[in-house]
Amino acid sequence: MTEKTYLRVKGGSPLCGTYNVHGAKNAVLPMLAASVMTEDEVTVTDCPYISDVDDMTEVLRALGVAVSRRGRDVTVSGKPTLTEIPPHLACAMRSSVFMLGALLAETGEVRLFTPGGCRIGARPLDIHFDGFRRLGACVEYGEDYVLCHAEKLTGADVILKYPSVGATENLIMAAVKAEGRTRLIGAAREPEIVSLVRLLVKMGADIAGEGTPVITVNGVRELEGAVCAPVADRIVTGTVMAAVAVAGGRVELNGADASCLGAVISPFLSSHTYLVEHGGVLVFESDRVLAATDVVTGPYPLFPTDMQAPFMACQCYASGMSSMRETVFEDRFAHVAELRKMGADIALAGNTAFVDGSRGMKGAVMHAADLRGGAGLLVAALGAEGESFIDGLRYLDRGYENIERIMSNLGGKVVRESGSLPE
Ligand code: EPZ
């Protein structure tokens with residue numbers, strides 16, 4: 001019998017209390033990457049205690065820079081002495097991709113082994129590499145690596161065929177010290193990109209248009225140290241809201257940034273929920289009666305793909321037929337088979353899931369296959385009758401800080417255990 005670590009969840013307890021929302025994983029990672037663009041100290045504050053941040057710290061140390069952590073503040077200093085992201089790290093996490101632009105700008109060269117991360121589609125990097133070429137870099141493919149190098153980077157107009165978040169962030173960082181002006185046309189608009197730009201501008205970069213489809217970067221020669229806070233994590237905020245929606249209760253989300261939560265919040269709103277925002281606190285209340293919804297994921301400001309699984313869990317409890325169309329990743333329904341073990345009535349047609357929530361859900365033994373899919377399973381288990389068991393916690397721990405504690409501090413019956421999973 002293999003020893004496993006898993007969550008044991010007993011559904012049906014309402015969730016009440018306060019949760020402090022910390023910095024967004026998807027802002028902290030590119031901000032830490034940008035820190036190698038000066039040898040001065042750069043501090044990113046309010047970082048979550050999650051394994052993706054730990055892994056990024058390891059990547060930075062492997063590149064030769066100094067990284068220290070005091071509470072939630074992570075400080076980086078020194079210049080990278082290596083330009084190769086260690087294979088075992090690149091394969092462990094997708095976030096190593098976010099080093100490409102910063103290292104190319106800083107050292108003129110970067111070698112990346114085939115990155116890992118969640119299995120949610122092919123996740124090519126062509127938009128990143130096409131953009132680097134536009135800025136004057138050469139991109140060479142090896143068996144299991146890609147090598148980008150440039151004598152000099154020169155500003156240019158770069159048209160992105162799709163508003164890729166990572167490509168936008170990498171191209172901003174590659175352009176920051178390029179000679180002349182770069183315009184990223186068709187750029188992604190996510191709040192996490194605005195966070196990255198806020199840090200870069202504090203470091204002395206000349207950037208405008210962040211949060212819009214056209215971002216302009218005028219190259220500068222040097223950057224200096226800075227301290228910057230990331231935007232609050234809108235996906236963790238949405239995940240807690242989804243848990244309250246299925247379990248019932250009332251939560252106060254301290255630090256939630258309502259200005260970037262529009263699309264996340266709107267599918268939750270109905271005559272059976274209550275939501276108000278005052279002074280940086282988002283109050284959300286639900287009586288467990290959920291209305292059927294039709295949701296489509298898309299690039300910001302549309303409904304975020306990272307909320308697709310957690311919100312599908314809510315649709316499993318909504319009377320009537322709901323739909324969830326996933327337009328960002330081509331293979332992000334791994335959680336559907338697991339939700340069906342609980343009795344979910346979900347039919348898949350191409351990139352759309354049709355969910356009939358009228359049957360009710362029972363606890364089951366389930367396996368998380370990716371970060372947000374795992375979060376969706378936990379949300380579903382919190383509303384189900386009986387006990388559920390969820391393994392694959394290494395995925396959940398990438399993006400949620402002690403997710404069992406987040407829910408149990410609100411009254412949810414969730415514990416992390418080790419042992420053999422029930423059959
Ligand atoms: C970022 O990933 C996030 N990760 C993802 O969050 C998020 O789901 C995604 O953006 C979309 O919002 C981080 O920020 C660390 P993309 P990224 O490039 O940059 C295609 C989580 O759970 N594409 O915007 O990798 C790609 O295949 C993670 O926190 C190309 O075709 O996403 C996908 O279909 C999961 N060519 C779509 O674009 C490229 O060169 C969106 O990808 C790049 C992307």
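Here's a quick rundown of the cavities, salt bridges, nonpolar cores and a couple of serines in this structure. Keep in mind that you're looking at a predicted model. A search of the whole structure turns up two cavities of 30 Å³ or more, along with 21 salt bridges. On the nonpolar side, there's a core of 79 residues and, apart from it, another of 68 residues.

**Cavities**

- The largest cavity comes in at a volume of about 70 Å³.
- Its lining is made up of Tyr19, His22, Gly23, Pro48, Asp233, Val236, Gly399, Tyr400, Glu401 and Ile406.
- Sort the lining of that largest cavity by class and you get five nonpolar, three polar and two charged residues.
- The second largest cavity has a volume of about 30 Å³.
- Around the second largest cavity you'll find Ala334, His335, Glu338, His367, Ala368, Ala369, Asp370, Gly373, Gly374 and Leu377. Helix H11 (334–341) and helix H12 (371–383) are the elements that each give two or more residues to this lining.
- By class, the second largest cavity is lined by four nonpolar, four polar and two charged residues.

**Salt bridges**

- Arg183 pairs up with Asp157 in a salt bridge, with the closest N and O atoms 2.8 Å apart. This one links distant parts of the chain: Arg183 sits in strand S11 (residues 181–185) and Asp157 in strand S10 (residues 157–159), 26 residues apart.
- Both ends of that bridge get the same label: Arg183 counts as partly exposed because its relative accessibility is 26%, and Asp157 counts as partly exposed at 27%.
- Glu338, one of the residues lining the second largest cavity, forms a salt bridge with Lys341, and here the closest N and O atoms are 2.9 Å apart. Glu338 and Lys341 both belong to helix H11 and are three residues apart, or about one turn of the helix.
- Is Glu338 buried or exposed? With a relative accessibility of 10%, Glu338 counts as buried, since the cut-off for buried is under 20%. Its partner Lys341 is partly exposed, at a relative accessible area of 42%.
- Arg416 and Glu404 make another salt bridge, their closest N and O atoms being 3.0 Å apart. Arg416 is in strand S26 (residues 413–419) and Glu404 is in helix H14 (residues 403–408), so this pair ties together parts that are 12 residues apart in sequence.
- Arg416 has a relative accessible area of 30% and is therefore partly exposed, whereas Glu404, with 11%, is buried.
- There's also a network of salt bridges, linking Arg8, Glu387 and Glu417.

**Nonpolar cores**

- Which residues touch the most other members of the largest nonpolar core? Those are Met99, Phe132, Val176 and Leu200, out of the 79 residues in that core. Helix H1 (residues 25–34) supplies the largest share of this core, with seven residues.
- Val176 has quite a contact list once you leave aside neighbours within four places in sequence: Met37, Leu200, Ala205, Ile207, Val217, Asn218, Gly219, Val220 and Leu223.
- The other core, lying apart from the largest one, has 68 residues, including Phe268, Ala318, Ala364 and Ala381.

**Two serines to look at**

- Ser164 is placed in the loop between S10 and helix H6 (165–175). Its relative accessibility is 14%, so Ser164 counts as buried.
- What does Ser164 touch, not counting residues up to four places away in sequence? Its contacts are Ile127, His128 and Ala188.
- Ser164 and Val328 are 164 residues apart along the chain, yet their C-alpha atoms are separated by 9.5 Å.
- Ser319 belongs to strand S20 (residues 318–319). Not counting residues up to four places away in sequence, Ser319 touches Leu290 and Ala292.
- For Ser319 and Leu290, the C-alpha atoms are separated by 6.8 Å, with the two residues 29 apart along the chain.

Terms used. Residues numbered from 1 in each chain as written. Predicted model: local features only at pLDDT ≥ 70, side-chain atom pairs only at ≥ 80, totals over all residues. Heavy atoms only, no water. 1 Å grid on protein atoms, 1.4 Å probe; cavity = no way out; pocket = protein on both sides within 12 Å on 5 of 7 lines; lining within 4 Å. Points joined across faces, edges and corners; volume = space filled by probe spheres on them. Nonpolar A, V, L, I, M, F, W, Y, C, P; charged D, E, K, R; others polar. Helix = DSSP H or I, 4+ residues; strand = E, 2+ residues; numbered from the N terminus. Salt bridge = Lys/Arg side-chain N within 4 Å of Asp/Glu carboxyl O. Buried < 20%, exposed > 50% of the residue type's maximum accessible area, 1.4 Å probe, protein only. Contact = heavy atoms within 4.5 Å. Core = buried A, V, L, I, M, F, W, Y, C linked by side-chain atoms within 4.5 Å.
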